[in-house]
Amino acid sequence: MNPADLLSIGMGAAYLAKDKIEGFIKELEERGEINKEEASKLFNQAKERAEKEKNEFDERVRGKVKEVVNELGLATKADIEELKKLLKNK
């Protein structure tokens, strides 16, 4: 599985989880198990946690992509910029 596939799977799961959490919180509010303020607080906590997990996932994907680029011996932007500077100085 390539990094783009992993990213797509992660993003899809994040959207699905967000919808499920919103629905669950709304259901709790409608049943009177939590009030509007509690629902808002719970949603914000879930949103913050999801953002943290997304950032951690993004970092892992970036790390894997860097590994693949290194393994394949592909030129990075920094490599290309260094070559441009060398060519300009000649």
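How much area does the protein expose, and what share of it do carbon and sulfur atoms supply? The protein exposes about 7900 Å², and carbon and sulfur atoms supply 57% of that area. Keep in mind as you look around that this is a predicted model. Of its 90 residues, 8% count as buried.

Let's start with the overall plan. The protein has three helices and zero strands, and reading along the sequence gives the pattern α-α-α.

Helix α2 is a good place to begin the tour. This helix covers residues 36–72. It has 37 residues and reaches 53 Å from its first C-alpha to its last, close to the 54 Å expected at 1.5 Å a residue. At its N-terminal end you will find Asn35 acting as a cap, with a side-chain oxygen 3.0 Å from the backbone nitrogen of Glu37. The buried residues of α2 are Ala39, Asp58 and Val61.

Further along α2, pick out the side chains of Arg49 and Glu53, which meet in a salt bridge with an N to O distance of 2.9 Å. Why can these two be paired along the helix? They are four residues apart in α2, so about one helical turn separates them. The two partners fall into separate accessibility classes: Arg49 counts as exposed because its relative accessibility is 58% and the class begins over 50%, whereas Glu53, with a relative accessible area of 39%, is partly exposed.

Now follow α2 to its other end. Leu72 belongs to this helix, and a relative accessible area of 60% makes Leu72 exposed. Together with Val68 and Leu74, Leu72 forms a nonpolar patch on the surface, and the three residues have about 270 Å² of accessible area together. Just after α2 comes Gly73, which takes a positive phi of about 70 degrees.

Next comes helix α3, which spans residues 77–88. Its 12 residues reach 16 Å from the first C-alpha to the last, close to the 16 Å expected at 1.5 Å a residue. Is this helix buried or in the open? The number of buried residues among its 12 is zero, so α3 lies largely in the open.

Helix α3 has a salt bridge too: Glu81 pairs with Lys84, and their closest N and O atoms are 3.6 Å apart. These partners are three residues apart in the helix, so they too are separated by about one helical turn. Glu81 is partly exposed at 42% relative accessible area, and Lys84 is partly exposed at 45%. Elsewhere, salt bridges that share partners join Glu27, Arg31 and Glu33 into one network.

Let's look inside that network. Glu33 forms a salt bridge with Arg31, and the closest N and O atoms are 2.7 Å apart. Glu33 counts as partly exposed, at 48% relative accessibility, and Arg31 also counts as partly exposed, at 47%. Both values stay below the exposed class because that class requires over 50% relative accessible area.

How many salt bridges does the structure hold? There are eight, among them the pairs already visited.

Conventions:
Residues numbered from 1 in each chain as written. Predicted model: local features only at pLDDT ≥ 70, side-chain atom pairs only at ≥ 80, totals over all residues. Heavy atoms only, no water. Patch = residues over 30% accessible without salt bridge, like charges linked within 9 Å, V, L, I, M, F, W, Y side chains within 5 Å. Areas by Shrake-Rupley, 256 points an atom, 1.4 Å probe, with all protein chains shown as cover. Salt bridge = Lys/Arg side-chain N within 4 Å of Asp/Glu carboxyl O. Helix = DSSP H or I, 4+ residues; strand = E, 2+ residues; numbered from the N terminus. Buried < 20%, exposed > 50% of the residue type's maximum accessible area, 1.4 Å probe, protein only. Expected span 1.5 Å × (residues − 1). Polar contact = N/O pair within 3.5 Å; in protein donor to acceptor, adjacent residues only side chain to side chain.
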